[in-house]
Protein chains: 2
Amino acid sequence: MSKLAAIPLYRQVIREVTTAVDAGEWNADESLPSENDLARRFGVSQGTVRKALDVLVLEGVLYRRQGVGTFVSDASDFLAQAMFVPLSGYGGEKPKIEMLGCVRIHAGEQLAEILGLRRGAALWQVRRLLRVAGTVIGLEEMFLPEANFPNLEMRRIRELRGNLRELCWRDFGMRLKDGEVRYRAVPAASAEARLLQVEVHEPLLQLVRLARDFDGKPQVWSVAWFRSEQLAFQAPPEQA
Amino acid sequence: MSKLAAIPLYRQVIREVTTAVDAGEWNADESLPSENDLARRFGVSQGTVRKALDVLVLEGVLYRRQGVGTFVSDASDFLAQAMFVPLSGYGGEKPKIEMLGCVRIHAGEQLAEILGLRRGAALWQVRRLLRVAGTVIGLEEMFLPEANFPNLEMRRIRELRGNLRELCWRDFGMRLKDGEVRYRAVPAASAEARLLQVEVHEPLLQLVRLARDFDGKPQVWSVAWFRSEQLAFQAPPEQA
DNA sequence: TACAGTCTTATATAAGACAAAAGATACACA
DNA sequence: TGTGTATCTTTTGTCTTATATAAGACTGTA
């Protein structure tokens, strides 16, 4: 471990481990080397490795089991991890995500400002459908700058079963932080009404998110609509 | 610090500090003794105190400033800390909370089950109004078991400016964890429509929460309705 | 008064020793 | 030959000690 920088050692370890995870050195749910092995590898103490892993566990990148090991979390994206719970009940269910399409568009005034791009910049518009127990309950529309996601292909998105976050991570080396989520109730417009099979003007739950990379630059703008007559939306725990 | 139990020391320190905070030993935004002083007081090392405080900082009970000290957070409740952000903008504003009323009712089938009480048990029904920039944007209805909150008085609630969480804490020694929040979009019923000054059937954002104490027992059931034509709801960061 | 050093007191980081948990293995015994 | 039990090994978890870094107060000097 380089001692040049005035950056704390455990921060450096975080970077090293994060990089290794991103590079796919260990697969999801596969155990990392033990804390002692990592300590030797980076030339620091076990306690320091531990402190670094603490942070990554807290961020949801890793998880631990005492006496067993430390493992790479399956990084699925925000909506995939959200729960949809029946109105008077506990538990709830995770949605199945289905790709609708992915087209190349140009940024209008608003989108350009949100994503910090110049007007007319190329964007990907990705649309996904969410199902719970077979029935459609949600529709999502995402916008990604083409500059940062070159050659975004339907096929690749489909292969990852709609897991956009994993795709960003594996194919573009971009780890995204889920930004703040904003909630509204809006009347269904005709487009949403048709896809979600509800009447126009029916109340829909709207979620708006801006996912940023670790440098804080906006990367993915997402707007989603949900039916909530039967199910309530519950955000996934601890957004790193 | 008692060494009898098999409970880790830092857990014991967490309990001691939490108790002291609850007892009002240090006021909000007042600095705790230094980590070294606490270490001496509890008969453990600074590192152990630190680990305990780490947890409380993470839970939002305390906050720290390097070289200065550790302080008690101002524990306001979920809604008071939520942000209401304009549709196309950043920032946002915290709501002002206004008490509407507090009446004694008896639990129906559903409420009894939710709060784990017998049917007909006495409950407090508390209603609050939320304003942003003067205009009414939200209405909340809460239900608390009378058994756990004896002599809940309007006056006391009003004195704390509607800060229910602080009240639970100071007057009843009960520290609440905000449970999971569930979101729905619902059409306004006439009661809500009147108070929120919208048309009946207008879409409203509905939030449902069940706050539990640290033993996991349900204590406060809350349902809130929000207008969201102009403002979006953004949950407060890190719910302990 | 303004400024720069330094002192004090706080939190932050790092390393090492030891404890506890979970599997894996070996062994006694029916 | 199977079966339960003790023990061993590997792993994460806890705790202490020592030291670094940050912030503010203090102090002497121009």
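Start in the loop of chain B that runs between helix H8 (190-196) and strand E9 (203-213), because that is where His201(B) sits. In this predicted model, phi of His201(B) is near 80°, a positive value in a residue that isn't glycine. His201(B) is also exposed, with a relative accessible area of 58%.

Chain A offers a residue of a similar kind. Ala133(A) isn't a glycine, but its phi is positive, at about 50°. You'll find Ala133(A) in the loop linking strand E5 (122-132) to strand E6 (135-145) of chain A. Is Ala133(A) buried or exposed? It counts as exposed, because its relative accessibility is 64% and the cut-off for exposed is over 50%.

Now step back to chain A as a whole. It has eight helices and 11 strands. Of its 240 residues, 50% are buried. If you take the contacts in chain A with a separation of 6 or more, 56% of them join residues 24 or more positions apart. The chain exposes about 12,000 Å², and carbon and sulfur atoms supply 48% of that area.

How do the two protein chains relate to each other? A rotation of 180°, with 0.1 Å of shift along its axis, superposes chain A on chain B with an RMSD of 0.1 Å. That is the relation of a two-fold axis. Both copies use the same surface, since 100% of the contact residues of chain A recur in chain B.

Next, the DNA. Strand D has 25 residues around it, and the closest are Glu35(A), Arg50(A), Arg64(A), Leu9(B) and Thr48(B). Of the atoms of DNA strand D that come within 4 Å of the protein, sugar and phosphate account for 74%. Some individual contacts are worth finding on screen. A polar side-chain atom of Arg50(A) lies 2.4 Å from a phosphate oxygen of strand D. Chain B reaches phosphate oxygens of this strand through backbone N or O atoms: one of Tyr10(B) at 3.0 Å, and one of Ser45(B) at 2.9 Å.

Which elements give two or more residues to the surface near strand D? From chain A they are helix H2 (35-42), helix H3 (46-58), strand E1 (62-65) and strand E2 (69-72), and from chain B helix H1 (9-22) and helix H3 (46-58). H3(B) gives the largest share, four residues. Sorted by class, this surface has six nonpolar, 13 polar and six charged residues.

Turn to DNA strand C, which has 24 residues around it; Leu9(A), Thr48(A), Arg65(A), Glu35(B) and Arg50(B) come nearest. Sugar or phosphate makes up 78% of the strand C atoms within 4 Å of the protein, and the rest belong to bases. Here you can pick out three side chains of chain A by their N or O atoms. The one in Arg65(A) is 2.4 Å from a phosphate oxygen of strand C, the one in Thr48(A) is 2.8 Å from such an oxygen, and the one in Lys51(A) is 3.0 Å from one.

The elements that each supply at least two residues near strand C are helix H1 (9-22) and H3 of chain A, plus helix H2 (35-42), H3, strand E1 (62-65) and strand E2 (69-72) of chain B. On this side the largest share, three residues, comes from H3(A). By class, the surface near strand C has six nonpolar, 12 polar and six charged residues.

Key
Residues are numbered from 1 along each chain as its sequence is written. Chains are lettered from A and ligands numbered from 1 in the order in which they are written. This is a predicted model: local features need pLDDT of at least 70, side-chain atom pairs count only at pLDDT 80 or more; totals for chains, interfaces and linings use all residues. Side-chain values use heavy atoms; hydrogens and water are left out. Buried means under 20% relative accessible area, exposed over 50%, partly exposed in between (1.4 Å probe, protein chains only). A residue is near a molecule or strand if one of its heavy atoms lies within 4 Å of it. A polar contact is a pair of N or O atoms within 3.5 Å; within protein, one must be able to donate a hydrogen and the other to accept it, and residues adjacent in sequence count only if both atoms are side-chain atoms. Ala, Val, Leu, Ile, Met, Phe, Trp, Tyr, Cys and Pro count as nonpolar, Asp, Glu, Lys and Arg as charged, and the others, Gly among them, as polar. Copies are superposed by least squares on the C-alpha atoms of residues with pLDDT of at least 70 in both. Contact means heavy atoms within 4.5 Å. Accessible areas come from the Shrake-Rupley method with a 1.4 Å probe; for residues, only the protein chains shown count as cover.
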